[in-house]
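Visitor: I'm new to reading protein structures, and I'd like to take a close look at a single part. Could you pick one spot and walk me outward from there?

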Amino acid sequence: MKLYNAWYCPFAQRAWMALVHKGIDFECIEVDPYNKTDWWVKTSRGAELVPVVVQVNADGSGETTIVESNRILEFLEDFAPDQNAIFARDPVQRAEQKYWMDQIGIKVTPYLYRFLKVSGAGEQRDEAREKLIEGLSKLIVAMNVDGPYFNGDSVSAVDIALIPFAYRIDVLLGAYRDFGLPEEGEAWQRYRRWYEAMLRQPAFRKTAFDQDDYERRLVEHYYPYSLGEGQVDVTKVS
Ligand SMILES: N[C@@H](CCC(=O)N[C@@H](CS)C(=O)NCC(=O)O)C(=O)O
């Protein structure tokens with residue numbers, strides 16, 4: 001299996017983490033998704049975004065290309081269901097996990113980027129901050145009370161979908177917006193326990209801290225975003 005990856009990309013980190021967590025053999029190919037060569041447009045099946053996963057068909061009839069990070073997590077689970085499952089077997093629980101994965105894209109990620117990209121202080125920035133806190137609060141309420149992970153004592157696809165963004169909320173908004181999430185109250189303490197448990201996960205470490213100078217390079221990479229530049233569509237609510 002091949003993963004087309006960009007080291008800084010939180011969506012790609014989801015796919016990368018899931019591959020590592022599930023112990024699937026893969027080749028990681030670093031690309032620049034913003035460089036729209038014919039090769040990249042074709043390789044990404046016209047999506048032009050990382051992550052992209054390519055798998056040789058079992059019947060020898062060529063290859064299949066899977067795009068969209070959440071779809072890739074679902075594919076990886078179907079591909080290796082018995083290796084560290086990240087989705088529940090029960091269809092109702094599984095539907096619930098997918099619902100929360102979608103909610104991350106609706107209630108959290110657009111506001112992380114909006115908060116980072118609104119360059120001047122003011123109403124727009126306040127609104128992005130409030131919406132981000134509100135979105136995360138909704139997720140926390142749905143988290144298993146005993147944790148430490150979203151669905152209880154083992155890592156699920158919801159954890160993998162959220163942690164790349166939770167880390168960027170911490171590091172990028174800390175660096176560029178002097179922002180920290182609330183700490184008071186049982187719910188935010190639960191979030192903190194979840195966050196710390198996820199940072200210790202081998203799959204997170206492998207896809208983040210194992211790279212030289214990761215945090216500094218990540219902050220530097222997002223400097224244009226902090227000035228209101230960078231990718232445009234990520235601030236849209238899907
Ligand atoms: N909805 C996509 C988003 C992926 C995405 O936005 N990736 C960015 C890098 S973080 C990208 O490839 N951008 C290239 C571009 O916008 O041209 C997913 O979940 O996989």
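Guide: Let's start with L19. Leaving aside residues up to four places away in sequence, L19 touches L3, I24, F26 and L76. Please keep in mind that this is a predicted model. Is L19 buried or exposed? It is buried, because 26 other C-beta atoms lie within 10 Å, and a residue counts as buried once 20 or more do. Across the chain, 32% of the 238 residues count as buried. For a sense of distance, take R89: it stands 70 residues from L19 in sequence, and their C-alpha atoms are 19 Å apart in space.

Now let's step out to the element around our residue. L19 is found in helix α1, which spans residues 10-22. To see where this helix fits, look at the domains. The assignment splits the chain into domain 1, residues 2-79, and domain 2, residues 91-235. Their C-alpha centres lie 22 Å apart. The contact between them takes twelve residues from domain 1 and 15 residues from domain 2. Which elements give two or more residues to the side of domain 1 that touches domain 2? They are α1 and α3, the latter covering 69-79. The largest share of that side comes from α1, with eight residues. Sorted by class, the side of domain 1 that touches domain 2 has eight nonpolar, three polar and one charged residues.

There is also a ligand to visit. It has 13 residues around it, and C9, F11, P33, L49 and S69 come nearest. By class, this shell holds nine nonpolar, two polar and two charged residues.

Finally, let's zoom out to the whole chain. Its secondary structure comes to ten helices and four strands. Starting at the N terminus, the elements run β-α-β-α-β-β-α-α-α-α-α-α-α-α. The radius of gyration is 18 Å, close to the 18 Å that the globule rule gives for 238 residues, so the chain is as compact as a globular protein of that length. Taken along the principal axes, the C-alpha atoms fill a box of roughly 55 × 45 × 35 Å. Contacts also link distant parts of the sequence: among those between residues at least 6 apart, 67% join residues at least 24 apart.

So that you can find your way back to our starting point: L19 sits in helix α1, and α1 gives the largest share of the side of domain 1 that touches domain 2.

Technical notes:
Residues are numbered from 1 along each chain as its sequence is written. This is a predicted model: local features need pLDDT of at least 70, side-chain atom pairs count only at pLDDT 80 or more; totals for chains, interfaces and linings use all residues. A residue is near a molecule or strand if its C-beta atom, placed from the backbone, lies within 6 Å of it. Ala, Val, Leu, Ile, Met, Phe, Trp, Tyr, Cys and Pro count as nonpolar, Asp, Glu, Lys and Arg as charged, and the others, Gly among them, as polar. Domain bounds come from an automatic or database domain assignment. Two residues are in contact if their C-beta atoms, placed from the backbone, lie within 7 Å. The radius of gyration is taken over C-alpha atoms; the globule rule is 2.2 Å times the number of residues to the power 0.38. A residue is buried if 20 or more other C-beta atoms lie within 10 Å of its own, exposed if 12 or fewer, and partly exposed in between; C-beta atoms are placed from the backbone.
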